[in-house]
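Biologist: Could you take me through the surroundings of the ligand in careful detail, with the cut-offs behind each term?

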Amino acid sequence: MDFSTSNTINVQTIEESRIKNVDLSNIKFGSIFADHMFECDYTDGTWKNASIRPYGPISLSPAAKVFHYGQAVFEGMKAYKDEQGKLWLFRPEQNFERINKSAKRLAIPEFPKDLFFEALNKLVKLDHHWIPEGYGNSLYIRTFVIATESNVGASPSNLYKFMIITSPAQSYYTGEVRVEIAEHFSRSANGGVGAAKAAGNYAAQFYPTNLAREKGFQQVIWTDASSHEYLEEAGTMNVFFRVNDSLLTAPISDRILDGVTRKSLIQLARMDGINVEERRVRVSEIVEAANNGTLKEIFGAGTAAVISPISAFSYQDQVYELTPQTDSYASLFKKRLLDIQFNRAEDPFGWRYEVK
Ligand code: COI
């Protein structure tokens, strides 16, 4: 093993990569992890002991607060390799800002910016050979913070662990996505944690999503908790509705995640002269648009899938099928975003970040 300390991070590399045992052309999203991981502990009021070491299990007390109170936040990002072998991230400062915003909401101490970027650069460079060849493929980067103090008192932890693990990901294809509009369950509420990437937000979706699956729908479109009259998010993604040639999406609030893909898509669409309305979208207007033929598309936008087209939705036990569009905005914006991420197109807003 090679041990070295560069700047602030202690680096311990693997003796032999596990990659030879992995078929990078056939991977299930989020199931395989690259050779190394980053770890940093919060003790005595500061982040310390930053290290990169071989990917592997960590040891925690069964009383660690994360297990009991879910004090945990995360981020999802991706690293891309272009045709010249250069490595890129997409708007990583947005993820940095958001993980600290989420952390603040969960009473978790903020993580320092220089260490975040140093860790990302080092880890991605070290494991760049885990990025599967091919357009759309990437190294999915999962950064997360967990409360590690061994104490089941219901109060914020005094100890935390910040980690980064990475996972090779093929171009995300979800197949046909049929969704059910939520009429009873909610993802978030005013004053809640919906805008944070809190681990528990995702766990809370599993049960209602399972019920939707039993009825033949892969995901749920979440509506506002108080009236269930307004459309908010789709599964783990922000959601867009194309009515005629306008794009409608819910405005950012403390119930809705400020998605990086969402805001990037809005900027690109407006640059293209497309009318984008960030406003409350009523379920009834989407049902009406489906009935009168003006609802052209629905799609989710998020880091993992980039854009995920929705082929049908159900509301009050009625199913509305969407007709595939030849000039689909979902396909157009997926390509626009991927072309920027893969350094194949101009980057008008300076979103690409080269890993060096
Ligand atoms: C995303 O696509 O933004 C996500 O957070 C997906 C993740 C929950 C797998």
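**The ligand and its shell**

Modeller: The shell around the ligand is made up of three nonpolar, three polar and two charged residues, where Ala, Val, Leu, Ile, Met, Phe, Trp, Tyr, Cys and Pro count as nonpolar, Asp, Glu, Lys and Arg as charged, and the others, Gly among them, as polar. This is a predicted model, in which local features need pLDDT of at least 70 and side-chain atom pairs count only at pLDDT 80 or more, while totals for chains, interfaces and linings use all residues. Residues are numbered from 1 along each chain as its sequence is written, and side-chain values use heavy atoms, with hydrogens and water left out.

The residues around the ligand, each with a heavy atom within 4 Å of it, are Phe29, Arg142, Lys197, Tyr202, Thr236, Gly302, Thr303 and Ala304. Among the polar contacts (pairs of N or O atoms within 3.5 Å), a polar side-chain atom of Lys197 lies 2.7 Å from an oxygen atom of the ligand. From the backbone, a polar atom of Thr303 is 3.1 Å from an oxygen atom of the ligand, and an N or O atom of the Ala304 backbone lies 2.8 Å from an oxygen atom of the ligand. Taken alone, the ligand exposes 280 Å², of which the protein buries 84%, with accessible areas taken from the Shrake-Rupley method with a 1.4 Å probe.

Technical notes. Polar contact = N/O pair within 3.5 Å; in protein donor to acceptor, adjacent residues only side chain to side chain.
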